[in-house]
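Biologist: Can you walk me through this model? I have a few short questions.

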Amino acid sequence: MSLVVRHLVGTWVVGSATTGTLAVLFTLDRGSLPVQPVDELPTLSVLGVLGMLAALFAALGLLAWGTLEVTWLPPTGRAGALWVLVVGGGGFAGWGYAAAATFAGDYSLTAQLVLAYVLGGVPFVLIAALLLESRQANVNALVITALALVVGTAIMDGDPLRACAELLWRVLGSSVTAV
């Protein structure tokens, strides 16, 4: 397996496994709500969320350490940390966008969890592909990202900002009103 394939597949697996598990943690015992707000999660679930976030960034760090030479970033520790932050942060933002689209599209919980585990890593891979040395990979990732944003906007009835804000409001719960 080539280093580029290992880089992208590893990113996909890490992104899908962690975001899928995060989706489960936020939907356990949710009652009639789409997700359980973070301030209402049981302590064990909060620890699980923090653990999954730490695992996501730690696994991305290991991946960067072993495969950074396939990117256009210099092979330094600082560049590896930057790669982890950009791929982790950008991938997580893309995953949140996809989650907002599935909630706006009234997907069943089962469909949402399957999508989170199978396709949850796609936003992370798209960001990682934007950082590859290959210009063709960069262009392909950019085109796929644009198409995903358009499809998401269509699912969210042309108002992705509202749908994303509503999901964020639900996840943060009363913590957004506490000042």
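Modeller: Let's start with Val-139. At 46% relative accessibility, Val-139 counts as partly exposed. Buried means under 20% relative accessible area, exposed over 50%, and partly exposed in between (1.4 Å probe, protein chains only).

Biologist: Before we go on, what kind of model is this, and what filters apply?

Modeller: This is a predicted model; local features need pLDDT of at least 70, side-chain atom pairs count only at pLDDT 80 or more, and totals for chains, interfaces and linings use all residues. Residues are numbered from 1 along each chain as its sequence is written, and side-chain values use heavy atoms, with hydrogens and water left out.

Biologist: Fine. Which helix holds Val-139?

Modeller: Val-139 sits in helix α6. Helices (H or I, at least four residues) and strands (E, at least two) are DSSP runs, numbered from the N terminus.

Biologist: How far is Val-139 from Leu-62?

Modeller: Their C-alpha atoms are separated by 26 Å. Along the chain, Val-139 and Leu-62 are 77 residues apart.

Biologist: Switching to pockets. How much space lies in the largest pocket?

Modeller: About 1,200 Å³. On a 1 Å grid over the protein atoms alone, a pocket is an open set of points where a 1.4 Å probe fits, with protein on both sides within 12 Å along at least five of seven lines; lining residues have an atom within 4 Å of a point. The volume is the space filled by probe spheres set on the points, which are joined across faces, edges and corners.

Biologist: How many residues line the largest pocket, and which are closest to its centre?

Modeller: The lining has 47 residues. Closest to the centre of the largest pocket are Gly-94, Trp-95, Gly-96, Ala-98 and Ala-99.

Biologist: Which helix gives the most to that lining?

Modeller: Helix α3, with 14 residues. At least two lining residues come from each of α1 (3-27), α2 (43-67), α3 (77-104), α4 (109-119), α5 (122-130), α6 (135-155) and α7 (160-172).

Biologist: What's the lining like by class?

Modeller: It has 37 nonpolar, ten polar and no charged residues. Here Ala, Val, Leu, Ile, Met, Phe, Trp, Tyr, Cys and Pro count as nonpolar, Asp, Glu, Lys and Arg as charged, and the others, Gly among them, as polar.

Biologist: And the largest nonpolar core: how many residues?

Modeller: That core has 42 residues, and Leu-60, Trp-83 and Val-87 have the most contacts inside it. Helix α3 gives the most to this core, with ten residues. A nonpolar core is a set of buried Ala, Val, Leu, Ile, Met, Phe, Trp, Tyr and Cys residues joined through side-chain atoms within 4.5 Å.

Biologist: What does Val-87 touch?

Modeller: Beyond residues up to four places away in sequence, Val-87 touches Thr-11, Leu-60, Phe-92, Phe-124, Ile-127, Ala-128 and Leu-131. Contact means heavy atoms within 4.5 Å.

Biologist: Now His-7. Is it buried or exposed?

Modeller: His-7 is buried, with a relative accessible area of 0%. His-7 is in helix α1. Its side chain makes a polar contact with the side chain of Thr-67 (2.5 Å). A polar contact is a pair of N or O atoms within 3.5 Å; within protein, one must be able to donate a hydrogen and the other to accept it, and residues adjacent in sequence count only if both atoms are side-chain atoms.

Biologist: Which residues does His-7 touch?

Modeller: Not counting residues up to four places away in sequence, His-7 touches Leu-63, Thr-67, Val-70, Thr-71, Trp-83, Ala-128 and Leu-132.

Biologist: Where is Tyr-97?

Modeller: Tyr-97 is in helix α3. Tyr-97 counts as buried because its relative accessibility is 18%. The side chains of Tyr-97 and Thr-153 make a polar contact (2.9 Å).

Biologist: What about the loops? Where is Gln-36?

Modeller: In the loop between α1 and α2. Gln-36 counts as buried, at 10% relative accessibility. The side chain of Gln-36 reaches the backbone oxygen of Glu-40 at 3.1 Å.

Biologist: Which loop holds Asp-106?

Modeller: The loop between α3 and α4. Asp-106 has a positive phi of about 55° although it is not a glycine. Asp-106 is exposed, with a relative accessible area of 69%.

Biologist: And Asp-157, buried or exposed?

Modeller: Asp-157 is exposed, at 66% relative accessible area. Asp-157 is in the loop between α6 and α7, and its phi is positive, near 55°.
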